[in-house]
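Good morning, and thank you for making time for this presentation. Please look first at the sequence and the structure as they appear here.

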Amino acid sequence: MLPRETWASVGPEQLAARLREQTACGHPESKATSGLVAYLDDEPVGWCAVDPRPANPRLLRNVPVPWVGRTEDKNDNSVWAVTCLVTRAGFRRRGISRSLARAAVDLARRRGAGALEAYPHLTEPSHLGTASMFAAAGMAEVSRPTKNRVVMRIDF
């Protein structure tokens, strides 16, 4: 999303087109792909956005929580981030999100990331995943900037 845009102002058709472009849909070998799609048989059931942290301007500009008490360079291209992790309704509680978290760690490692971070909520379900699913993927808590948020990280 660009500055001053909202999901509603962009609209579903443009959002779908942007997602296809962002994920290099149809080209899994692309170096530009920014996420992973989980399939159950031939049906897409989940998605995880994972790419270099600086590729997420809203994270760097509009989301202060991950940076509370941290002094590292937000624009470090070697640090990747999981900025969204969702499983479709009707397919939840089957381990799909945990599989996506593990796959995100593997993708970041294979693509040469120095580290991978995630920023889940602790007390409410959200599109950011849960701390336990990232812990199961090998990530560890590095900070707790608020009572409801945690920064999880794995260094490679």
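I will begin with the overall picture, turn to the cores and one strand, and end with a few individual residues.

Please keep in mind throughout that this is a predicted model. The mean pLDDT of the protein is 86, and 88% of its residues reach 70 or more. Confidence is highest in strand E4, with a mean of 96, and lowest in helix H2, residues 12–22, with a mean of 75.

As to the architecture, the protein has five helices and six strands. Read from the N terminus, the order of the elements is α-α-β-β-α-β-α-β-α-β-β. The protein has 156 residues, and 42% of them are buried. Among contacts with a separation of 6 or more, 61% are between residues 24 or more positions apart.

Let us now consider the interior. The largest nonpolar core has 27 residues, and those that touch the most other members are Val-50, Val-82, Leu-85, Leu-116, Phe-134 and Met-139. Two or more residues of this core come from each of the following elements: strands E1 (35–40), E2 (43–52), E3 (79–87), E4 (115–118) and E6, together with helices H4 (96–110) and H5 (131–136). Helix H4 gives the largest share, which is seven residues. There is also another core, apart from this one, with six residues, including Leu-59, Trp-67, Ala-81 and Val-151.

I turn next to strand E6. How many of the seven residues of E6 are buried? Six of them are, so the strand is largely enclosed by the rest of the structure. E6 has two pairings to describe. With E4, it runs antiparallel, and four bridges join the two strands. With strand E5, residues 140–146, the pairing is likewise antiparallel, over four bridges. A hairpin of two linking residues connects E5 to E6.

One residue of this strand deserves particular attention. Arg-153 lies in E6, which spans residues 149–155. Is Arg-153 buried or exposed? Its relative accessible area is 16%, and the cut-off for buried is under 20%, so Arg-153 counts as buried. In the strand pairing, Arg-153 is the bridge partner of Glu-117, and Arg-153 is also the bridge partner of Ala-140.

The side chain of Arg-153 takes part in polar contacts as well. One of these, at 2.7 Å, is with the side chain of Glu-117. Another, at 3.4 Å, is with the side chain of Glu-72. Glu-117 is therefore linked to Arg-153 both as a bridge partner and through a side-chain polar contact. Setting aside residues up to four places away in sequence, Arg-153 touches a number of residues, among them Arg-53, Arg-70, Val-79, Leu-116, Met-139 and Val-142. Of these, Leu-116 and Met-139 were named a moment ago among the core residues that touch the most other members.

Glu-141 offers a second view of this region. Glu-141 is placed in strand E5, and with a relative accessible area of 42% it is partly exposed. Beyond its neighbours within four places in sequence, Glu-141 is in contact with Val-150, Val-151 and Met-152. The side chains of Glu-141 and Arg-144 form a polar contact of 2.8 Å. Glu-141 and Tyr-119 are 22 residues apart along the chain, and their C-alpha atoms are separated by 9.7 Å.

We may also look at a residue outside the strands and helices. His-121 is in the loop between E4 and H5. With a relative accessible area of 18%, His-121 is buried. Beyond residues up to four places away in sequence, His-121 touches Ser-126, Leu-128, Gly-129, Asn-148 and Arg-149.

Finally, I come to the cysteines. How many disulfides does the structure hold? The number is zero. Why do Cys-48 and Cys-84 not form one? The closest cysteine sulfur to that of Cys-48 is in Cys-84, at 7.9 Å, which is too far for a bond; a disulfide would need the two sulfur atoms within 2.5 Å. Seen from the other side, the closest cysteine sulfur to that of Cys-84 is in Cys-48. Both residues are buried: Cys-48 has a relative accessibility of 0%, and Cys-84 has a relative accessible area of 15%.

To close, I would leave you with strand E6, largely enclosed by the rest of the structure, and with its residue Arg-153, whose side chain makes polar contacts with Glu-72 and Glu-117. Thank you for your attention.

Conventions: Residues numbered from 1 in each chain as written. Predicted model: local features only at pLDDT ≥ 70, side-chain atom pairs only at ≥ 80, totals over all residues. Heavy atoms only, no water. Buried < 20%, exposed > 50% of the residue type's maximum accessible area, 1.4 Å probe, protein only. Polar contact = N/O pair within 3.5 Å; in protein donor to acceptor, adjacent residues only side chain to side chain. Contact = heavy atoms within 4.5 Å. Core = buried A, V, L, I, M, F, W, Y, C linked by side-chain atoms within 4.5 Å. Pairing = 2+ DSSP bridges. pLDDT = per-residue confidence, 0-100.
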